[in-house]
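User: Please take a close look at one salt bridge in this protein chain and tell me how its two partners are placed. After that, I'd like to see how the surroundings and the rest of the chain look.

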Amino acid sequence: MVQKYQSPIRIYKYPFELVMAAYERRFPTCPEIPVLLGSQVLREARSADGAVHVVERSCRLRVEAPRLLRKIAGVEHVVFVQRNVLNWRERTLLIDAHNETFASRVVVRENCSYTVHPENEDWTCFEQSASLDIRSFFGFESALEKIAMKQYTANVKRGKEVIEHYLHELVSQGISHIPRWTPAPVREEDGRAQAGPRDPGSLEVGGPSNPPTPAPETVGLDGDKLDADYIERRLGHLTPVQESCLIQLRQWLQENHKGKIPKDQHILRFLRARDFHLDKAREMLCQSLSWRKQHQVDLLCQTWRPPAVLEEFYAGGWHYQDVDGRPLYILRLGHMDTKGLMKAVGEEALLWHVLSVNEEGQKRCEGNTKQFGRPISSWTCLVDLEGLNMRHLWRPGVKALLQMIEVVEANYPETLGRLLIVRAPRVFPVLWTLISPFINENTRQKFLIYSGSNYQGPGGLVDYLEEEVIPDFLGGECLCNVPEGGLVPKSLYLTDEAQEHADQLRQWRDTYQSASVLRGAPHEVEVEILEGESVITWDFDILRGDVVFSLYYTKRAARPGPREPGARAGGQLTDKGWVLGSEYSRVEAPLVCREGESIQGSHVTRWPGVYLLQWQMHGPPSHVACSLPGMEDVLTALHSPGARCKLLYYYEVLASEDFRGSMSSLASCTSRFSQLSAATSSSSSGQSHSGSLVSR
């Protein structure tokens, strides 16, 4: 595979003639370039008027490679042949170089050019390109490629420093101006003797003639090329290889992409996301550009206006910047009714809102770059999780969140500079377990998580935010205008309850299961736990009637019989003869669930065995969850015209090896919503290892 390098345009703020004088001081030897052992002029020629000077040199370069590789190759230095064409009239120097050592095994070509800046004739531009093709090298092709690229890029950086060194040396010696070349007066007989103008490349030189070598294109700052000062000022410090990748990908887009060319900052993000692997970054960027075109992202983001529900209840917004000048976005996730928002505006509207936040973030980065005079390409996100509870683990909401993460990761890579998570409750590890596999490893390394009040004091927010911008709700003095969120009223939901239930049954059939509960005929789900410390999570909606939810544990397997794996709607899995406290025990206090409520909860198991999730119709207090109903009760209920309860439910088991967080406690967290306080406190009292949260 041929490796290519393309430099940005480097600008010397000196006239061309002075730069050429500095360049000539590099020969025949240069103490500033230790790898250059020496050089020798092979051929030299000038045009009749002296405007064109052609020099061909042989340069010996020391091999900086492991001793074993040098011993196998049998060389301590390599020879390059360099051909320079200096045109004083046009004020250009074109350089072509190739290797002479191992030319049959390795082909190295380099083209350089010095030209006058198109907008300032007292400045000089330099551009450089090279290619490396290793055909065979004693089985060390890969090692040689890495060594060659490392040494070459180091020499590229050093080359600019050497020219600047000799420029400063010339100025210190009082040489700050060299007159431009002017043609000498031509006598009449000299004019007749000249056969006509000759191509500089065909000038006669001593020794055998060489075919002309293609010269690199003349550099022009016409907007299609990047200069090094612009990169340093607007994009930040890049290594020579990174600069080359950016220029090559940008050039490829200009030649092949028919739409609008992304900004350089945007292209650079995709290169960083793929560790500057050019082909992978190009594939990722092309997929993103196709996605933007297919979904008309540019148009929609320009015309997007969030619905009133989002403006009032979406608890997120921009708030000044962090200590590094990055725009700061605050998200009070624990105060946000994600389920209510999805039902009020739909998943698509939420996605567009998230995309508009990312688009706005990029604009703010550009603005801060101009404001602070240094490159700022990412923003900081501060997430407050106070109030986060099992209600936020509503399965469709988590599924929508994962889809949003996938879209953002694919189309807005490397836009998040830092994520500060504060007041993380005990339920946070469950959410983190669900979403972390979908987050890129580079992004996960930017997460800083604080539980309780650990964010206060040294090592906390003060390390990343100026004290005067820390929000008031986190103990700071700055008034934060981010909406506080809260429960979305059901009157704002998109559809009525009946239509909503029908839509849920249709859209969630792959995730949720439906069940009917009759009086005396509970619905039970058997969950087998093979190891002691696992987490059972559940999420269910009561569509009709009132039910009582309980969780039981037994070491004995449930009564065998033909049924679907895990559960049977309207069926009982246990025997009437089982005695509470003997054959089975209750591990979750009975919870009365009213029609229209959504219940989320979890339980950290202490022992392996069988756990039974049970829903039964709510009856008189004396009957609630006092015992497991028998078969006669079930048959009676099935043949009676009594009331029927309906529910949608989902459960999941997180194994201990997959659970990233503390297994010691997952107690329910009291919601910040005033309407939920009573239900939450009553359902979680006395439960140190489990809990359910009721949402109305």
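Analyst: Happy to! One term first: a residue counts as buried when its relative accessible area is under 20%, as exposed when that area is over 50%, and as partly exposed in between. Please also keep in mind that this is a predicted model.

The pair to look at is Glu17 and Arg91, whose side chains form a salt bridge with N and O 3.0 Å apart. Glu17 belongs to helix α1 (residues 16-24), while Arg91 sits in the loop between β5 (77-87) and β6 (92-99), so the bridge joins distant parts of the chain, 74 residues apart. Both partners are buried. For Arg91 the reasoning is easy to follow: its relative accessible area is 8%, and the limit for buried is under 20%. The backbone of Arg91 deserves a glance too, since its phi is positive, at about 60°, although Arg91 is not a glycine.

Staying with α1, the loop between α1 and β3 (36-46) holds Pro28. The peptide bond joining Phe27 and Pro28 is cis, with omega at about 0°.

On the other side of the bridge, the loop of Arg91 leads to β6, and β6 brings us to another salt bridge. Asp96 pairs with Arg109, and their closest N and O atoms are 3.4 Å apart. Asp96 lies in strand β6 and Arg109 in strand β7 (residues 106-117), so this pair ties together parts that are 13 residues apart in sequence. What about burial here? Asp96 has a relative accessible area of 7% and is therefore buried, whereas Arg109, at 33%, is partly exposed.

A salt bridge within one helix makes a nice contrast. Glu164 and Lys160 meet with N and O 2.6 Å apart. Glu164 and Lys160 are four residues apart in helix α3 (residues 141-172), which means that about one helical turn separates them. An α-helix has 3.6 residues a turn, so residues three or four places apart point the same way. Glu164 is partly exposed, with a relative accessible area of 28%.

Salt bridges can also link up: Asp322, Asp324, Arg326 and Arg418 are connected in a network of them. Over the model, the count comes to 28 salt bridges.

Another buried arginine is worth a visit. Arg332 is in the loop between β10 (327-331) and α11 (338-345), and its relative accessible area of 7% makes it buried. Setting aside neighbours within four places in sequence, Arg332 is in contact with Ala315, Asp384, Arg423, Phe473, Pro483 and Glu484. The C-alpha atoms of Arg332 and Val422 are 9.8 Å apart, with these positions 90 residues apart along the chain.

The loop of Arg332 runs on to α11, which meets helix α12 (residues 347-372): their axes come within 6 Å and cross at roughly 110°. That makes α11 roughly perpendicular to α12. Leu341, Met342 and Val345 of α11 meet Glu347, Ala349 and Leu350 of α12. A second helix pair is α8 (residues 278-294) with α13 (residues 395-411), which pack at about 120° with axes 9 Å apart; these two are therefore oblique to each other.

Asp275 lies in the loop between α7 and α8. Like Arg91, Asp275 has a positive phi without being a glycine, here about 50°. The setting is another matter: Asp275 is exposed at 62% relative accessibility, while Arg91 is buried at 8%.

One last helix shows how burial can be arranged. The buried residues of α5 (residues 228-235) are Ala228, Tyr230, Ile231 and Leu235. Seen down the helix axis, they fall within an arc of 160°, so they line one face of α5. Their cover includes β2 (10-12), α6 (240-256) and α7 (264-273). At the N-terminal end, Asp227 caps α5 with a side-chain oxygen 3.0 Å from the backbone nitrogen of Asp229, and just after α5 Gly236 takes a positive phi of about 100°.

Stepping back, the chain has 18 helices and 23 strands. Of its 696 residues, 51% count as buried. Among contacts between residues at least 6 apart in sequence, 77% join residues at least 24 apart.

Conventions. Residues numbered from 1 in each chain as written. Predicted model: local features only at pLDDT ≥ 70, side-chain atom pairs only at ≥ 80, totals over all residues. Heavy atoms only, no water. Buried < 20%, exposed > 50% of the residue type's maximum accessible area, 1.4 Å probe, protein only. Arc of directions from axis to C-beta. Contact = heavy atoms within 4.5 Å. Polar contact = N/O pair within 3.5 Å; in protein donor to acceptor, adjacent residues only side chain to side chain. Salt bridge = Lys/Arg side-chain N within 4 Å of Asp/Glu carboxyl O. Axes fitted to C-alpha atoms, helices over the stretch in contact; angles between N-to-C directions. Parallel < 35°, antiparallel > 145°, perpendicular 65-115°, else oblique.
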